Amino acid sequence: MAQILVLSRDNETKEQISKHLKMHQLDVVTVSSADAVLTELSRDEIIYFAVIVDGEQPEIDTAQLIENIREISKLPVVMLTKKSDADMITLFENGVDVCVK
């Protein structure tokens, strides 16, 4: 089964994303911190097909988080954001594959 890794600090958001993805027969792993995303991606026993990042993370700059993800994996990264269009261009330049506003 396809595994999707979801990063969000908000439990309700994690539940909503998980519920939607599971309706499409996708297996979901949720985490609450940037460190947890990097730990999960480093595990050899789980294969992920994409990473969904919900908004800004307080412990790390978004560009640094994406750079850290890219050092570990070339998985598609979907960013859920409230940023402006200009800021979204920067996200794409930093390695995000899809932005959802």
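Which helix does R70 lie in? R70 lies in helix 3, and we will come back to it near the end of the tour.

A few ground rules before you start clicking. This is a predicted model, with local features needing pLDDT of at least 70 and side-chain atom pairs counting only at pLDDT 80 or more, while totals for chains, interfaces and linings use all residues. Residues are numbered from 1 along each chain as its sequence is written, and side-chain values use heavy atoms, leaving out hydrogens and water.

**Stop 1: the sheet**

Switch to cartoon and select the strands. Helices (H or I, at least four residues) and strands (E, at least two) are DSSP runs, numbered from the N terminus. You should see an open sheet of five strands in the order 2-1-3-4-5, paired in parallel. Two strands pair if DSSP finds at least two bridges between them. Strand 2 (27-31) and strand 5 (98-100) are at the edges with a single partner strand each, so one side of each has no neighbour in the sheet. From one strand to the next the twist averages 20°; axes here are lines fitted to C-alpha atoms, for helices over the stretch in contact, and angles run from 0 to 180 degrees between N-to-C directions.

**Stop 2: walk along the pairings**

Begin with strand 1 and strand 2, which run parallel and are joined by five bridges. Pick V6 and you will find T30 of strand 2 opposite. To get from strand 1 to strand 2 the chain passes through helix 1, making a right-handed β-α-β crossover. Right-handed is meant like this: with the strands pointing away from the viewer, the path from the first strand over the helix to the second runs clockwise.

On to strand 1 (residues 3-7) and strand 3 (residues 50-54), parallel again, with four bridges. L5 faces V51 of strand 3 here.

Strand 3 and strand 4 also pair in the parallel sense, over four bridges, and D54 has L80 of strand 4 as its bridge partner. Helix 3 carries the chain from strand 3 to strand 4 in a right-handed β-α-β crossover.

Strand 4 and strand 5 finish the walk with three bridges in the parallel sense, where M79 has C99 as its bridge partner. Strand 4, helix 4 and strand 5 form a right-handed β-α-β unit.

**Stop 3: helix 1**

Select residues 11-23. This is helix 1, which lies across strand 1, strand 2, strand 3 and strand 4 (77-80), at about 170° to strand 2.

**Stop 4: the nonpolar cores**

A nonpolar core is a set of buried Ala, Val, Leu, Ile, Met, Phe, Trp, Tyr and Cys residues joined through side-chain atoms within 4.5 Å. Buried means under 20% relative accessible area, exposed over 50%, and partly exposed in between (1.4 Å probe, protein chains only).

Show V37, L41, V51 and I69 as sticks: of the 22 residues in the largest nonpolar core, these touch the most other members. At least two residues each come from strand 1, helix 2, strand 3, helix 3 (62-72), strand 4 and helix 4 (85-93). Helix 2 supplies the largest share, four residues. Zoom in on V37, which is in contact (heavy atoms within 4.5 Å) with L5, L7, V31, V51 and I69, leaving aside neighbours within four places in sequence. A second, separate core has eight residues, among them I17, L21, V28 and V78.

**Stop 5: E40**

Is E40 buried or exposed? E40, in helix 2 (residues 34-42), is buried, with a relative accessible area of 13%. Not counting residues up to four places away in sequence, E40 touches L5, V29, V31, I46 and Y48. The E40 side chain also makes a polar contact with the side chain of R43, at 3.1 Å. A polar contact is a pair of N or O atoms within 3.5 Å; within protein, one must be able to donate a hydrogen and the other to accept it, and residues adjacent in sequence count only if both atoms are side-chain atoms.

**Stop 6: N68 and R70 in helix 3**

N68 is in helix 3 and counts as buried at 16% relative accessibility. Its side chain has a polar contact of 2.7 Å with the side chain of Q64. Beyond four places in sequence, N68 touches L38 and I60.

Now back to R70, which is buried, with a relative accessible area of 17%. Which side chain makes a polar contact with the side chain of R70? That is D97, at 2.6 Å. A polar atom of the R70 side chain also lies 2.7 Å from the backbone oxygen of G95. Not counting residues up to four places away in sequence, R70 touches L75, V77, G95 and D97.
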